[in-house]
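Good morning, colleagues. I would like to take you through one structure today, with attention to its side-chain contacts and its division into domains. Please have the display in front of you as I speak.

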Amino acid sequence: MSNQTVGFVSLGCPKNLVDSERILTQLRVEGYNIVPSYNDADLVIVNTCGFIDSAVQESLDAIGEALNENGKVIVTGCLGAKEDEIREIHPHVLGITGPHAYEAVLDTVHKHLPVPKQHNPFLDLVPPQGVKLTPRHYAYLKISEGCNHRCSFCIIPSMRGDLVSRPVGQVLSEAERLVNAGVKELLVISQDTSAYGVDTKHRTDFWNGRPVKSDMYQLTEALGELGVWTRLHYVYPYPHVDNVIPLMAEGKVLPYLDMPLQHASPDILKKMKRPGQVERTLERIQRWRRDVPDLTLRSTFIVGFPGETEDDFQMLLDFINEAELDRVGCFKYSPVEGATANALPNPVDEAVKEERFARFMEAQQRISAAKLQRKVGTVQEVLIDEVDEEGAIGRTKGDAPEIDGVVYLNGESAVKPGDIVKVNIDNADEYDLWGSKL
Ligand code: SF4
């Protein structure tokens with residue numbers, strides 16, 4: 001083991017975690033030793049998040065903590081795009097780079113901590129899929145960076161720029177490596193998965209010698225051939241999404257779509273600068289459900305957006321009651337520094353936001369509880385995430401890790417993480433299921 005040691009702090013969303021994994025993989029390949037404490041580290045890398053104000057503060061605090069505890073700190077990630085803001089508070093960091101700047105991070109490391117000489121990449125055991133910070137049996141697959149939308153509440157495009165899709169051959173090779181290394185579930189992520197390949201005019205690339213177009217359908221179809229669970233996140237309900245529904249009906253990819261819709265009132269969607277024709281979305285959802293009866297739909301919404309009237313909010317409630325989405329996240333609107341929505345008139349009172357949030361959650365919990373109740377008595381395939389002395393915890397095809405519910409298998413210890421088992425569902429509440437292994 002080398003004496004050159006690096007500490008790593010990873011903040012933010014799953015997308016940031018993928019960047020962390022790649023940097024860690026490279027460091028390990030070069031022979032650095034990754035250590036879990038400030039004291040043992042020669043320097044510390046902080047991979048920051050800058051999505052909302054509280055994340056910015058958390059990132060600045062993490063940099064401050066690393067400087068106090070260790071003194072040699074390299075900053076990367078979303079907040080790194082705002083170098084001046086960081087330097088104003090922490091002038092002594094060694095280097096600052098923006099998101100997905102793997103080479104620049106590595107260059108800064110090399111400058112302050114030379115590559116260990118004794119390392120031999122052929123002898124060191126770096127796991128082929130990289131150093132994972134998540135459980136080994138699922139992995140996030142980032143297919144693009146940036147976003148072409150300009151939603152008024154979001155500063156991602158100004159921080160990460162326009163959409164840049166990774167070549168499809170590269171994405172598929174990475175997916176294949178992950179699967180060969182034992183990954184059982186691939187979580188496809190990007191800011192806008194349905195827009196994949198728009199920037200490259202859906203250029204044809206090669207994977208294992210065969211031509212594949214960089215579009216959502218061909219990417220999804222090829223991922224479906226890998227024989228593991230493939231779950232699609234951040235999919236907008238554009239017409240071409242209809243094309244992937246047959247792949248779900250045929251069992252090639254999971255019958256699951258995560259579609260951040262954000263609102264249902266045309267006025268609010270316009271203020272948010274988001275596309276979305278509610279009637280068409282409802283029609284589309286009904287059609288998808290007819291073709292794939294076990295389809296799980298997940299979405300997120302914002303309540304209390306500037307200018308939201310009681311009528312707008314009622315439209316949102318009507319929509320969720322009609323759409324009966326399976327999994328829903330709800331956020332109370334809060335201004336994000338740099339977002340154009342901050343300039344919109346008629347901000348909603350905090351008490352009204354609270355009250356709407358509570359009404360929204362109550363409605364959704366009722367829907368979710370009823371939907372999960374319908375699963376009682378069915379047999380589901382469950383991917384095991386954790387096992388301890390009390391039993392096992394896993395997920396059905398309808399549950400994404402970290403954001404959806406789980407299945408508790410009380411007393412079941414003859415399974416291990418990564419196993420896929422058949423489970424009879426015995427019980428449900430509004431979020432989770434309980435079952436017994438067949
Ligand atoms: S789609 Fe909208 S919310 Fe999502 S990253 Fe792009 S601009 Fe932000």
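The side chains of E310 and R356 form a salt bridge, with 3.8 Å from N to O. I should say at once that this is a predicted model. The pair links distant parts of the chain: E310 belongs to helix α11, residues 310–323, and R356 to helix α12, and the two positions lie 46 residues apart in numbering terms, that is, they are 46 residues apart. How exposed or buried is each partner? E310 has a relative accessible area of 35%, so this residue is classed as partly exposed. R356 has a relative accessible area of 6%, and is therefore buried, the limit being under 20%. The pair does not stand alone, since salt bridges with shared partners join E308, E310, E355, R356 and R359 into one network.

Let me turn to two further salt bridges. The count for the model comes to 26. One of them joins R166 and E174, at 2.7 Å from N to O. Both R166 and E174 are buried. Another is formed by E225 and R210, whose closest N and O atoms are 3.0 Å apart. This pair, too, links distant parts of the chain: R210 is in strand β11, residues 210–213, while E225 is in the loop between α7 (216–224) and β12 (229–232), 15 residues apart. E225 has a relative accessible area of 45% and is partly exposed. R210, at 33% relative accessibility, is likewise counted as partly exposed.

Next, the aromatic residues. How many aromatic pairs does the model contain? The count comes to seven. In one of them, the ring centres of F301 and F360 are 5.7 Å apart and the ring planes stand at 50°, so the pair is tilted. F301 lies in strand β14, residues 296–303, and F360 in helix α12, residues 350–373; the pair therefore ties together parts that are 59 residues apart in sequence. F301 and F360 are both buried. Elsewhere, F153, F305 and Y333 make up one aromatic cluster.

Aromatic rings also meet charged side chains. The charged end of R231 sits over the ring of Y256, 4.5 Å from the ring centre. In a second case, the charged end of K332 sits over the ring of F357, at 4.9 Å from the ring centre.

I now come to helix α4, residues 102–112. Which of its residues are buried? They are Y102, V105, L106, T108 and V109. Seen down the axis of α4, these buried residues fall within an arc of 160°, so they line one face of the helix. The face turned away from that buried side carries the exposed residues E103 and K111.

Finally, the domains. The chain is divided into domain 1 (5–112), domain 2 (138–374) and domain 3 (378–437). The centres of domain 2 and domain 3, taken over C-alpha atoms, are separated by 25 Å. Their contact takes 21 residues from domain 2 and 24 residues from domain 3.

To close, I would return to the starting point: E310 and R356 meet in a salt bridge, and both belong to the network that also includes E308, E355 and R359. Thank you for your attention.

Technical notes: Residues numbered from 1 in each chain as written. Predicted model: local features only at pLDDT ≥ 70, side-chain atom pairs only at ≥ 80, totals over all residues. Heavy atoms only, no water. Phe/Tyr/Trp six-rings, centres within 6.5 Å; stacked < 30°, edge-to-face > 60°. Helix = DSSP H or I, 4+ residues; strand = E, 2+ residues; numbered from the N terminus. Buried < 20%, exposed > 50% of the residue type's maximum accessible area, 1.4 Å probe, protein only. Lys NZ or Arg CZ within 6 Å of the ring centre and 35° of its normal. Arc of directions from axis to C-beta. Salt bridge = Lys/Arg side-chain N within 4 Å of Asp/Glu carboxyl O. Domains from an automatic or database assignment. Contact = heavy atoms within 4.5 Å.
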